[in-house]
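Q: Could you take a close look at one part of this model, a single loop and its backbone, and describe it with some care?

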Amino acid sequence: MPSVPTTSYDPKNPLSPLAVRSAAVVEPVDPLALGPIKKVYLIWLGGASCEGCTVSVTGATHPKVEQLLAGAIPGLPRVELIHGLFSTESGAEWVENLLMAERGELDAPYILTWEGSVLRESTAGAGSWSGLGQDLRTGRQITTSEWLDRLAPGAAAVIAVGTCAAWGGIPAAVGNPSGAYGLTEHLGDSFRSAAGVPVVNIPGCAPLGDNYTETVAALLLHLNGLAPLPDLDSLSRPAWLFTDTVHSTCSRIQYYEEGVFSTDPGDEACLVELGCWGPVVQCNIAERGAIDGHGGCMSMGGICIGCTMPGFPDRFSPIFDRPVFDATSGSSRASGGFLRRIRSARRRPTPHRSGRLTGAAASAPRFYRATPPVPATG
Ligand code: SF4
Ligand code: SF4
């Protein structure tokens, strides 16, 4: 009986899959690599996904994906990407990368990034919800969630990018037939990577590309021994990115305080009465912008629909209904008029600005005047 191959790669067969095979590539001399790790593989896999996270990350600017791939940031190892869309290999050759990672044959550590929700294959009957590659022993398709089980324990870090990966997201909405769910639910709360790191969640639908690349950079600094483990909050998100509410940095917050609310999405006032969840949702897009400081939901006239949060979209639906907390806009409307009048008064020219003060009083900074300014007579 012929022997059954356990791997698709055969060093004696020039037609067998080759994968990345970086060991055969002459490594460039990297003067910026400061730690012991000179190179790291970034394996990007996905379950139920629209690929929006991939698109978002390609637009990151702080740092750029290109800077990570080039090893152009001091202290960070060069990143080699194994991604279903961007790798130069395809088919069995691409899958060979995953097999090499599982067997510990890659010549550098790897980080696993997961995009999209995990699919509950036990509900798929005789088929599968999501397959990737083939088991050479049986000929059956390997499911994406099986790859997760095979690769997560050996990864230096595991990142759930996007709300689908973190909590299940849109594919897990009520009525979905696939039983979709999030990465932490699949791996368990006690999961730790080979380097002792819990699953890192970077939610958003789609997430900010900068939030992803900045977190990868922070993790790489840590893995290289140059920084502590990035601060993660109780939902395992990078704490410095997800502590504040959208509302706290929204460019429309002045209108909220003054009780001025939009009745049409094209209005410039606060959008809370059109359904904005900004006051209770943690997200930094109002502060950071969508790409390179530009764009973002409220600045483009869109309400916050809570896309970074656990339970999205069901807990925030129907999205154009007024949020349950929106009774606050009524009190804001009542007290906001007073605030608006004070602000308006503060914007009127002072006697100082109108040039009516004379002598030292005219040039003294207002906060340091010992006595109230005396208007000039005559
Ligand atoms: S538009 Fe939304 S986030 Fe902005 S101030 Fe109004 S409620 Fe807050
Ligand atoms: S502001 Fe709201 S809808 Fe917009 S990205 Fe942030 S959480 Fe999502």
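A: Asp292 is placed in the loop between helix 10 and helix 11, where helices (H or I, at least four residues) are DSSP runs numbered from the N terminus. The model is a predicted one, in which local features need pLDDT of at least 70 and side-chain atom pairs count only at pLDDT 80 or more, while totals for chains, interfaces and linings use all residues. Residues are numbered from 1 along each chain as its sequence is written, and chains are lettered from A and ligands numbered from 1 in the order in which they are written.

The phi of Asp292 is near 50 degrees, a positive value in a residue other than glycine. Most residues other than glycine have a negative phi, and most peptide bonds are trans. Asp292 counts as partly exposed because it has 14 C-beta neighbours inside 10 Å; a residue is buried if 20 or more other C-beta atoms lie within 10 Å of its own, exposed if 12 or fewer, and partly exposed in between, with C-beta atoms placed from the backbone.

Pro313 is also found in the loop between helix 10 (285-288) and helix 11 (327-346), and the peptide bond that leads to Pro313 from Phe312 is cis, with omega near 10 degrees. Pro318 has its place in the loop between helix 10 and helix 11 as well, and the bond from Ser317 to Pro318 is again cis, here with omega near -10 degrees.

Note on methods:
Helices (H or I, at least four residues) and strands (E, at least two) are DSSP runs, numbered from the N terminus.
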